Amino acid sequence: MKKKILVLGANGLVGSSIINYLSDKNFKITGVYNKKNNRLKNKKNIKYVKCNLTNSKLVKKIFDKEKFDIVINSAAVLKPNNRSFESMLKIYNYNVNIQKNLLSEAFNRNIGLFIYFSSISIYEGIKKRIKVDELQNYNLKSLYALSKICGERFLEMATKLSNIHGITLRLSGVHGVGRNNGIIYNMFDRAISGKAIKINEPKSVFRLTFIDDINKAVHLIIKKKIKKKYAVYNIAGEEIYSLQKLGKIIIKICKKGKLNLLKNSKSRYQVMSINKFRKEYNFKPLTLSKKLKIYKQYHQHKKKFNFK
């Protein structure tokens, strides 16, 4: 019998990619989106529902119409419209209310597995140059990060009071097919055009997450018989690299372009340890080189894709 999966944030970069990936793995999927619908795929085993997830009555209707085995929450607002406190507070309330409404329904209906996407933003206040693991005390610098922690805690509490098994996946910066902005996109944009890639922070070091890593991680979780009631995992790629090294790899793949290293004393070290998930799930991310080659193909032919 096909497992029925509910994916929230169906039109987002992460949600749309997960739906597309799992739809080829013999699952019955319901994708929920709010406003835009440019990333929705037309497939037999995918059904889409438009819904404002902050409205608890509308969320209840989704669960009334279908009995789900798995809920995957990738729905979130990432950035405020402006830098006002009211705008930032709106993001916090939006993200927290979505998680609260979903868990209320999951709690009442004995959902087997609930996967929640959190963020590297919870570690942003840590100044030490270390690979942060899941036990590291978080140091919040934004209301967005606070909303993610609240979502994690809500899920953990729900697993203690119900039959739900919960997993939180903390993601670093997400890149890959479907994203038309960000450092990877901009580097390819300039290299393919034969322009110089400007490196604003030559000393900064990162371990980024690609869509391919997330899809693989989610599928590994779904296939495995979950024993722990609740667990938190960092998800990212294998390689750790500076922006300078990343630029050199992209230039090599494109066979054109050049580096322009700008003087900047800012030095970030945004590296999460993925040892826990790698050990428990035998997680083997694609190599950075392979992921960048896939993205190059997308970048060159993105007009053929149904992304905006």
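**Figure 1. A single cavity in the predicted model.** Searching the whole of this predicted structure turns up 1 cavity of 30 Å³ or more. The space inside the largest cavity comes to about 30 Å³. Its lining is made by Arg207, Leu208, Phe210, Gly237, Glu238, Glu239, Tyr241, Leu288 and Lys291. Sorted by class, these lining residues are 4 nonpolar, 1 polar and 4 charged. If you wonder how such a space is found, rolling a probe the size of a water molecule over the atoms shows where empty space is left.

**Figure 2. Strand 1, enclosed by its surroundings.** Let us turn to strand 1, which covers residues 4–8. This strand is largely enclosed by the rest of the structure, because 5 of its 5 residues are buried. In a regular strand the side chains alternate between the two faces of the sheet. Here, Lys4, Leu6 and Leu8 point one way, while Ile5 and Val7 point the other way, and all are buried. Strand 1 runs parallel to strand 2, and 5 bridges join the two. To follow one of these links, start at Ile5 and look across to its bridge partner in strand 2, Ile29.

**Figure 3. Thr30 and the residues around it.** Staying with strand 2, which spans residues 28–33, we find Thr30. Is Thr30 buried or exposed? Thr30 counts as buried because its relative accessibility is 6%, and buried means under 20%. Setting aside neighbours within four places in sequence, Thr30 is in contact with Ile5, Leu6 and Val7, and also with Lys47, Val49 and Phe68. Of these contacts, Ile5, Leu6 and Val7 are also among the buried residues of strand 1.

**Figure 4. Lys50, an exposed residue of strand 3.** Lys50 belongs to strand 3, made of residues 46–50. With a relative accessible area of 56%, Lys50 is exposed, because that term applies to values over 50%. Which residues does Lys50 touch, leaving aside its neighbours within four places in sequence? They are Tyr33, Asn34 and Lys35. Although Lys50 and Lys35 are 15 residues apart along the chain, their C-alpha atoms are separated by 7.4 Å.

**Figure 5. An open sheet of 3 strands.** Reading across this open sheet, the strand order is 12-9-14, and the pairing is mixed. Strand 12 (241–242) and strand 14 (269–270) stand at the edges with a single partner strand each, so one side of each has no neighbour in the sheet. Strand 9, residues 205–206, pairs with strand 14 in the parallel sense over 2 bridges. A good place to look is Val205, whose bridge partner in strand 14 is Tyr269. Tyr241 of strand 12 may be familiar, as it also appears in the lining of the largest cavity.

**Figure 6. Glu280 on helix 8.** Glu280 sits in helix 8, which takes in residues 275–281. At 28% relative accessibility, Glu280 is partly exposed. Beyond its neighbours within four places in sequence, Glu280 is in contact with Lys224, Lys228 and Tyr233. Glu280 and Leu135 lie 145 residues apart in sequence, and their C-alpha atoms are 16 Å apart in space.

**Figure 7. Two buried cysteines.** How many disulfides does a search of the whole structure find? The search finds 0. For readers new to the term, a disulfide is a covalent bond between the sulfur atoms of two cysteines. Cys51 is buried, with a relative accessible area of 6%, and Cys150 is buried too, at 17%.

Definitions and conventions:
Residues numbered from 1 in each chain as written. Predicted model: local features only at pLDDT ≥ 70, side-chain atom pairs only at ≥ 80, totals over all residues. Heavy atoms only, no water. Disulfide = S-S within 2.5 Å. Buried < 20%, exposed > 50% of the residue type's maximum accessible area, 1.4 Å probe, protein only. 1 Å grid on protein atoms, 1.4 Å probe; cavity = no way out; pocket = protein on both sides within 12 Å on 5 of 7 lines; lining within 4 Å. Points joined across faces, edges and corners; volume = space filled by probe spheres on them. Nonpolar A, V, L, I, M, F, W, Y, C, P; charged D, E, K, R; others polar. Helix = DSSP H or I, 4+ residues; strand = E, 2+ residues; numbered from the N terminus. Contact = heavy atoms within 4.5 Å. Pairing = 2+ DSSP bridges.
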